Every structure is written in C-alpha cells, then in structure tokens.
Amino acid sequence: METPVGNGYIFQIDIPENYMYNCKSLEKENSIFTIYQKGEKIYWIPESNTFGQIYSGENEKLINSSPNCVNKCEFEIVVYNENKEISYEEVIKFELVNGKCIVTLKK
C-alpha cells in the first residue's frame, strides 16, 4: 500500500486507552529506513525508495545507504501503561516470501 513515507505495508496495533508504544528495528543496518510509526499504525517499507527526505530529531538530513530492497526486518514493540512503565514487549519479524508479507511473533 501507499504509506506516508513510501510504498510498503501497514500494520495496526491496538493498545488500551492512555497507553503508548514505541517500536524500533533490531536490525543493525537500515534501521531508520525500514520501520515507522504514527499513531496506532506501524509502517514497514521494504523498498528503499521513500518519499521525500528523512531528518533526525536534531533536524539533520539522514542518508539512505541501504540496498534497493530489504526483504525482512525484525523489530521490537514496547507498550507502556499510563504511568509510563513497561506493560509488555514483543519482537516481531516482517518478511517477504514469494511476494507475500509474512508476520511472525518471535517473543
């Protein structure tokens, strides 16, 4: 699907009201160019062709040195309760196999 940052896959996370979450790639390379989150949606962009430019929190332009296609990505989701304490953590793997996206819960 078309996402706000490029063509990829959209996954939705459902968490209790007043909870929040953070997700981060566990891959050493390409971590900033693979997984994005906005609201309750998580975007995985296996292609390196993202829309526009990407900037860090310090407003520095980030350079994409990734290969043209990233066919798998492992990432961690950490959910925090309303007291900002960790409620639970999950490790998820996204993988393209024969043109289909496979999602595996690893932890």
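**Figure 1. Strands S4 and S9, side by side in a predicted model.** In this predicted model, S4 and S9 run antiparallel and are held in register by six bridges. For one pair to look for, find Lys24, which sits opposite Glu76 of S9. Glu76 also has a partner in S10, namely Val91. So which residues should you click through here? Start at Lys24, hop across to Glu76, then carry on from Glu76 to Val91.

**Figure 2. The hairpin made by S9 and S10.** S9 and S10 are antiparallel too, and nine bridges link them. The two strands make a hairpin, and five residues lie between them. How many bridges join S9 to S10? The count is nine. In the turn you'll meet Lys84, whose phi is positive at about 65°, even though Lys84 is not a glycine. Lys84 belongs to the loop between S9 and S10, and its relative accessibility of 63% puts it in the exposed group.

**Figure 3. A four-stranded open sheet, S4-S9-S10-S11.** Zoom out a little from the hairpin and you can follow four strands in the order S4-S9-S10-S11, paired antiparallel. S4 and S11 (100–105) are the edge strands: each has a single partner strand, so one side of each has no neighbour in the sheet. On average, neighbouring strands here are turned by 25° against each other, if you ignore direction. At the S11 end, six bridges join S10 to S11, and this pair is antiparallel. One of the pairings to spot is Val97 with Lys100, its bridge partner in S11.

**Figure 4. The largest nonpolar core.** Twelve residues make up this core: Ile13, Tyr21, Cys23, Ile35, Ile42, Trp44, Cys73, Phe75, Ile77, Val79, Ile92 and Phe94. Where do they come from? Strands S4 (20–25), S6 (41–44), S9 (72–80) and S10 (86–97) each supply at least two of them. S9 gives the largest share, with four residues. If you're wondering about the general background, nonpolar side chains in soluble globular proteins tend to be buried together.

**Figure 5. Next-door residues Ile92 and Lys93.** Ile92 is one of the core residues. Skipping its neighbours within four places in sequence, Ile92 is in contact with Cys73, Glu74, Phe75, Ile77, Val103, Thr104 and Leu105. Now move along to Lys93, which lies in strand S10. Is Lys93 buried or exposed? Lys93 is buried, because its relative accessible area is 19% and the cut-off for buried is under 20%. With neighbours within four places in sequence again left out, the contacts of Lys93 are Lys72, Cys73, Glu74, Ile102, Val103, Thr104 and Lys106. As a general reminder, side chains in a regular strand alternate between the two faces of the sheet.

**Figure 6. A three-stranded open sheet, S3-S6-S5.** Here three strands line up in the order S3-S6-S5, with antiparallel pairing. S3 and S5 (35–38) are at the edges with a single partner strand each, so one side of each is left without a neighbour in the sheet. Neighbouring strands of this sheet are turned by 25° against each other on average, direction ignored. Look between S3 and S6 and you'll find four bridges joining the antiparallel pair. Which residue of S6 is the bridge partner of Ile10? Tyr43 is.

**Figure 7. Lys38 and its surroundings.** Lys38 is found in strand S5. With a relative accessible area of 59%, Lys38 is exposed, because the cut-off for exposed is over 50%. Leaving out neighbours within four places in sequence, Lys38 is in contact with Tyr21 and Tyr43. Tyr21 is also a member of the largest nonpolar core. Try finding Pro4 as well: Lys38 and Pro4 are 34 residues apart in sequence, and their C-alpha atoms are 9.5 Å apart in space.

**Figure 8. Asn18, a residue with positive phi.** Asn18 is not a glycine, yet its phi is positive, near 70°. Where is Asn18? Look in the loop between S3 (9–12) and S4. Asn18 counts as exposed, at 59% relative accessibility.

Key
Residues are numbered from 1 along each chain as its sequence is written. This is a predicted model: local features need pLDDT of at least 70, side-chain atom pairs count only at pLDDT 80 or more; totals for chains, interfaces and linings use all residues. Side-chain values use heavy atoms; hydrogens and water are left out. A nonpolar core is a set of buried Ala, Val, Leu, Ile, Met, Phe, Trp, Tyr and Cys residues joined through side-chain atoms within 4.5 Å. Buried means under 20% relative accessible area, exposed over 50%, partly exposed in between (1.4 Å probe, protein chains only). Contact means heavy atoms within 4.5 Å. Two strands pair if DSSP finds at least two bridges between them. Axes are lines fitted to C-alpha atoms, for helices over the stretch in contact, and angles run from 0 to 180 degrees between N-to-C directions.
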